[in-house]
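Student: Could you take me through one part of this model in detail, namely how its helices pack against one another, and then say what is known of the enclosed space?

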Amino acid sequence: MTTIEDVAAFGVTGVYEEAREITEGLFAFIDRQIIPIQKSLGEIMENPRMYWREDGRIADAVVEGRRRARAASAEAGFYTMFCPEHLGGGGLGAMTYFLVWEALCHRYGSPQTGLAFHVLAHTSTGPTALWSQASDELKEAVLPQLSEGKLQGSFAMSEPDAGSDAWMMRTTAVRDGDGWRLNGTKQWASWAPTADFLITFAVTDPDRFRARRGGLTCFYVPTDATGYSLDGIVKMYDELGGEEAILSFDDLWIPDTYRIGPVGDGFPVAMQGSGQLKLTKLGRHIGLARWAQDRAVEYSKVRETFGKTLAEHQTIQNMLADNAIDLYAARLMALDVADKVSRGGQARFELAASHVFVNEGMYHVYDRAMQILGGIGLSNDSHMMNGLHTLRVGRLSEGPTEIQRRTVAKHVLQGR
């Protein structure tokens, strides 16, 4: 099984050393400061009736716990270490980004449980390279608090009729004085129920947009703005609440300084955000699958059936071997993607191909691990179910695997 140490094989020994040192410090920080915060919340982190509010949002105590975790991480220097230096961050590269996310999920399990996964900023919630295109006024007003972990955002692009096909978007932004007036609806906006602001997109040039030649613009929208409405929480897997939302803009006015990137050229901004989210997912999902594989291996060595341990049965050995093969291939693919991104490449083919392989493959790895664990894997005590949900959602979010295959096919047909 490849580990952080194996990155040296890619000729990037310095990156491996950097990632190893960071993860050692990060784990020590989480164990020392973040786990006690989580323990102080008590049963609320384990009991769905307490974790979710009546309206479907997460409990106020959990929201505050996340804020405390972000703030502590920011003070320790971890929260913004992947944000560009010119924005006040650490400026660490894509390879280290992948390795740290992978290590984090390999150690702590499902991103949907616990506070450990709020100590690193990513495109949806915190300061990243996307903010390089914000106005000086917006940076000055928002970045300090965002970098300190006091604010949390949401990346709101999808709409009821515009998911995989962004050209079906209907939300509009029309010039109004020295600002813009937004109207429309967004759906599947992750983290929106607890967000202080949205990074969202609207059609500003209908003619260009209809011709599929641009016409989309990116905006920063505070969730306390007049005309903003959180219309509903999307509850999934029979949960009592959810982190996805349906929201709308009704003649919502924002100043032009809240625009991110050039007018009519919002697609490159969106793709930059989506690309980093894909890289985040590669790290999270591979790490999560490794976490599950470790538990399956441990259990197979102690659980006895028909006079011998599970590990002695060839069927179980084959399942563990298939997991190891899938993990090995997925990790090498992800490292190649991260390497190309770190060198300044767009890596659109590689991101799409890895998105398909990793999201589908790691789901199967996790499912096999749960099968090896048997009934225990379905129990709340195993903490496995949240991870299965995370990986299943991953086959749909940031573009479903069918759309990623479409992108791969496009490159193939162009002679890639």
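Tutor: Axes here are lines fitted to C-alpha atoms, for helices over the stretch in contact, and angles run from 0 to 180 degrees between N-to-C directions. The model is a predicted one, and with that in mind we can begin with helix α9, which spans residues 348-373, and helix α10, which spans residues 385-394. The axes of α9 and α10 lie 9 Å apart and make an angle of about 155 degrees, which means that α9 is roughly antiparallel to α10, since angles over 145 degrees are counted that way. The crossing of α9 past α10 is left-handed. On the α9 side the contact is made by H355, N359, M362, Y363, Y366 and M370, while α10 contributes M385, G387, L388, L391, R392 and G394. Sorted by class, the residues of this contact are 7 nonpolar, 4 polar and 1 charged.

Helix α9 also packs against helix α7, residues 266-302, where the two axes come within 9 Å and cross at roughly 20 degrees. That angle makes α7 roughly parallel to α9, because the class takes in angles under 35 degrees. Here, too, the crossing is left-handed, with α7 passing α9, and the contact comprises 16 nonpolar, 7 polar and 3 charged residues.

Following α7 onward brings us to helix α4, residues 94-108, which packs with α7 at an angle of about 35 degrees, the axes being 7 Å apart. In this pair the crossing of α4 past α7 is right-handed. From α4 the contact draws on A94, Y97, F98, W101, E102, C105, H106, R107 and Y108, and from α7 it draws on a list including Q276, L279, T280, L282, R284, R290, W291 and D294. By class, this contact of α4 with α7 holds 11 nonpolar, 5 polar and 5 charged residues.

As for enclosed space, rolling a probe the size of a water molecule over the atoms shows where empty space is left. The count comes to 3 cavities of 30 Å³ or more, and the largest cavity has a volume of about 90 Å³. The lining of the largest cavity consists of R66, R70, Y79, F117, H118, L120, H122, T125, Q152 and W191, and these lining residues divide into 4 nonpolar, 4 polar and 2 charged.

Methods. Residues numbered from 1 in each chain as written. Predicted model: local features only at pLDDT ≥ 70, side-chain atom pairs only at ≥ 80, totals over all residues. Heavy atoms only, no water. Helix = DSSP H or I, 4+ residues; strand = E, 2+ residues; numbered from the N terminus. Parallel < 35°, antiparallel > 145°, perpendicular 65-115°, else oblique. Left-handed = near helix turned anticlockwise from the far one by under 90°. Contact = heavy atoms within 4.5 Å. Nonpolar A, V, L, I, M, F, W, Y, C, P; charged D, E, K, R; others polar. 1 Å grid on protein atoms, 1.4 Å probe; cavity = no way out; pocket = protein on both sides within 12 Å on 5 of 7 lines; lining within 4 Å. Points joined across faces, edges and corners; volume = space filled by probe spheres on them.
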